[in-house]
Every structure is written in structure tokens, then in C-alpha cells.
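Me: I would like to learn how to read a single-chain model feature by feature, taking the general idea before each case. Could we work through one together?

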Amino acid sequence: MLPVPEVADGREPDRVPAPGRSAACGEPVTVAVAGVEFGWGSSGKLSAVLSALRERSPSPLRFVGLASRLGRPVLAGHGIHRWYDLPDGGTVEDIVASERVRAAVVVLDGPAATALEGAGVPTVFVDSLPFMWSEGDRSTLPLDVTAYCAQQCLELPPECRDVLASVRALRWVEAVIGTPPVTGAADPSPDRPYRRALISLGGLRAPRLTDWSAYPTVVVPAALGALAAHGVREAHVAGNLPADLAGQLIGRTNGELRVTAGALSHGEFLAGLADFDVLLASPGLTTLLEAGSLRVPTVCLPPQNLSQIFNGRFHSRAVDADVRVVWPKDVFCEDEALALRSRGEDEALDLIYGGIGSAGADAVASLQEGILTALLASRKVTDWGALTAGVGAGGAAQVADALLAILGQGPPPA
């Protein structure tokens, strides 16, 4: 090993009781939290870190959130005292002063971390994708934050190393996920048929994506067709889908496959994951790691973005089976996207988003065949926990300890 997410509907109220607050403990310390507006993975990691902070902090903490509108429902159960929209909710400096913010934890949102540090707030930055960066991304990364926690990965490409070497306070942490590995959990028997499947699409609505509905419109019918052909009887489609689009997509199915749809909170996703025989996931890294911790058979759907290309490859390599699905070459070529990233992530995303936006019926048929092939390959996997085991699962606690050390509530991390 080299050192190297689902959401409930409804809006978060402006004020809820702060976690851990009590008269006996005195006034809580205020911590700002933020996650990048890109899918649900950053908010899932914030959820895991906040849970660890509640468990480990010797004194009460109070949380205020910055931006992160896309992921707020993921954090609905964490008692965020107040959310601030930026820039409409005021400047970072004003928020820090009015809320008396003492420290911050930020997942993948480099500008937010830089702004907080500039406002005098010591910040823990969580980089769950250190394998992604090249010289073209250097200007967007908060290289001088108080603590830069990079999540371990199975492989660190050479072009990332110089960028990470520039980080002032780099520390490597294990996977930041919302559930620890289940002690003694066993992999399902290869002879056990798949009867219930979960299709997880994640957050979908990336900020630079002009038509975010293109991905589910092509992928969901392909996945449902493959599941029906494989003999699956029940499927649930989870993700950031409005009810009308979900109804259209599942309404096209027929035969013996019974399909439901609806968003899942992070807790619901984790609690229910082990009840499904197989997961078909848009390959967000948090989802793959959490599924691995529960040893749930997992097929990687075609990638939505650049990082998911890496994630799917890491996952298939770890479980020693080709359980990932790639787009047809006329949609986009993965190697071409990876080559473009040397100019920065946005160059690669233009290729990926443009290709997905133009995908049509031929792509549905090709993906259905690819998903069915991956389902068959998944029956030969003997260790579904291999990816998670390779990077560990204690990252949420390690990030929490880094923040508590900043607040003087624990020893400095080793």
C-alpha cells in the first residue's frame, strides 16, 4: 500500500440544538464545516467525521456550515447550528467573527479552506482524491492549511507526487467512511443468487454539468435491463433524482423485476446496504469503500467524472475481477480523459461530460451488455473487502483527532 458518498428529502432547518450542548459543560466550541459542491461523497465524509467528533470530543462542539447546499440533506442528522450560503450569506470573515469560529474541517473544497485560513481559522482539509492531482490543479489546492489529511490510496501516480510534496502539513489518513468494517463479516457464497439489487447514483449534479439528467437517462435503463436478464427480482434506485425523472426511468421496465426509487440518507444507505445481494454503484470512492467494509458484492457502473475512472480501476484491481463497466469508445475513451488531466481536471471533464451528454440508445444497449458481463464476473470474487482493507477504515477518527488537537482537546496526531 502506498500512502497516498445518500440523501433524505427535505430541507435542513436554520437552527437545531447543537450536538453535545449542556449547561453543565458550558458553551460549546464552534467549528465550521464545508464540502465541495460535487456529488455526495464530500458530505458523506463530513458525516463520518462529525460522528467521530461527537464520540471523541471531551467538550461540546457546535457546527456551522458553509455553502455545501448539494450535500446538506446528508448531514441533516448532525445538528448543524446554521447554514450560510456563500457569498449571499456574508463573507467568510464576517461569518467567522459573528459565529466565533475556532477551527474548521473542509472536504475537497480548496477555495473554502483557503478562505478560512485567510480569516485566521486553523483548518483541517480532507483530500480524498490525492491520486487525481497534477500541476494543472496546484493553484486550486490549499497547500498551506494547518492540517492536510490525504486519504490513503492503493496507487499514487507519479504526476501527483510533486504537488503533494508541496503541502506544508501533510498527513496520511485511512479511508474516511461512515461505517467500520464488520468484525468477522464473511463474503457471500458465490452460489448465492442475486435477488435484491441496489442501484446507487450518488449526487449527480456536478456544478459544471449542463445536463445532469443525461447520465441516469442512459445508465438506469441499462442497469435494470441487465438485472432483469440476470434473474434479479427486486431493485431500488437511489440517488439525487427528482421523482418525475425516477418515475419515467423505472416506468420503462417490465417483466418480473420489481423496481422502486427514492433517495436514502447516509444512515439509511449504510444500514440497508447489507440487505441487498448486489450493489450497482456509480463508482464514488466513499460508496465503494463503505460497501467493501460490509463485504457487499459491487459492480461499478460507468464513470460520471474523472475520479470515478480511477475508483473503478482501483476497485476491480483490489477484488481481482473485472467488475467495472466502461463507456463505449464513441462516448469517450478513458485513457484520453486521463491524458487530458495533465492540463487540470476541467479539461478532462469537458471530454467526459460532452460524451455522456451525446450518448444515445446504442450506448444503452452496450452498457446493458457490459453490466451483465460484470455481474457474471462478480460471482467469482472471493474477497469483497479487499479495497477497504488496503487503505484501512479509521480515517474519520484520525481527521477528528487532528481537529481536536488544533482545539487543544487532544494530543497532536503522530
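The dialogue below goes from the overall make-up to the sheets, a helix and the salt bridges.

Me: What should I keep in mind about where this model comes from, and how many helices and strands are in the chain?

Reply: The model is predicted, and every value we discuss is computed from it. With that in mind, the chain contains 14 helices and 12 strands. Of its 414 residues, 57% count as buried, while the surface that the chain exposes comes to about 16,300 Å², of which carbon and sulfur atoms supply 51%.

Me: In what order do the seven strands of the open sheet lie, and which strands are at its edges?

Reply: One reads a sheet by following its pairings from strand to strand. Here the order is β3-β2-β1-β4-β5-β6-β7, with parallel pairing. The edges are β3 and β7 (170-173), each of which pairs on one side only, and the twist from one strand to the next averages 25°. Within this sheet, strand β1 (residues 29-35) and strand β4 (residues 101-107) pair in the parallel sense over six bridges, and Val33 stands opposite Val105 in β4.

Me: Which strands does β11 run parallel to, and are its residues buried or exposed?

Reply: For a strand, it helps to take the pairings and the two faces in turn. Four bridges join β11 to β8, and these two run parallel, with Ser200 opposite Ala281 in β11. Three bridges join β11 to strand β12 (residues 298-300), again in parallel, and there Leu279 stands opposite Thr298 in β12. As to the faces, strand β11 (residues 278-281) is covered on both: Val278 and Leu280 are buried on one side, and Leu279 and Ala281 are buried on the other.

Me: How should I read the two sides of a helix, and which residues of α6 are buried?

Reply: An α-helix has 3.6 residues a turn, so residues three or four places apart point the same way. In α6 the buried residues are Leu245, Ala246, Leu249 and Ile250. Viewed down the axis of α6, these buried residues fall within an arc of 125°, so they line one face of the helix. On the other side of α6, Ala243 and Asp244 are exposed.

Me: How many salt bridges are there in the whole structure, and what does the one between Glu99 and Arg82 tie together?

Reply: Side chains of opposite charge can pair when their charged atoms come close. A search of the whole structure finds 13 salt bridges. In one of them, the closest N and O atoms of Glu99 and Arg82 are 3.7 Å apart. Glu99 lies in helix α2 (residues 92-99) and Arg82 in strand β3 (residues 80-84), so this pair ties together parts that are 17 residues apart in sequence. Glu99 counts as buried, at 6% relative accessibility, whereas Arg82, with a relative accessible area of 25%, is partly exposed.

Me: Where do Glu234 and Arg196 lie, and are they buried or partly exposed?

Reply: The side chains of Glu234 and Arg196 meet in a salt bridge with an N to O distance of 3.3 Å. This pair links distant parts of the chain, since Glu234 is in strand β9 (residues 234-238) and Arg196 in strand β8 (residues 196-200), 38 residues apart. Glu234 is partly exposed at 27% relative accessibility, and Arg196 is partly exposed at 29%.

Me: Which loops hold Glu256 and Arg233, and which residues join into one salt-bridge network?

Reply: Glu256 and Arg233 form a salt bridge at 3.3 Å, N to O. Glu256 lies in the loop between α6 (243-250) and β10 (258-261), and Arg233 in the loop between α5 (214-230) and β9, so the pair ties together parts 23 residues apart in sequence. Glu256 is exposed, with a relative accessible area of 59%, and Arg233 is partly exposed at 35%. Elsewhere, salt bridges that share partners join Arg313, Arg324, Glu334 and Asp335 into one network.

Me: Where is Arg379 found, and how far apart are Arg379 and Ser189 in space?

Reply: Distance in sequence and distance in space are best read side by side. Arg379 is found in the loop between α12 (361-378) and α13 (386-391), and Arg379 is buried, with a relative accessible area of 19%, the cut-off for buried being under 20%. Arg379 and Ser189 are 190 residues apart in sequence and 8.6 Å apart in space, C-alpha to C-alpha.

Notes. Residues numbered from 1 in each chain as written. Predicted model: local features only at pLDDT ≥ 70, side-chain atom pairs only at ≥ 80, totals over all residues. Heavy atoms only, no water. Salt bridge = Lys/Arg side-chain N within 4 Å of Asp/Glu carboxyl O. Buried < 20%, exposed > 50% of the residue type's maximum accessible area, 1.4 Å probe, protein only. Areas by Shrake-Rupley, 256 points an atom, 1.4 Å probe, with all protein chains shown as cover. Pairing = 2+ DSSP bridges. Axes fitted to C-alpha atoms, helices over the stretch in contact; angles between N-to-C directions. Arc of directions from axis to C-beta.
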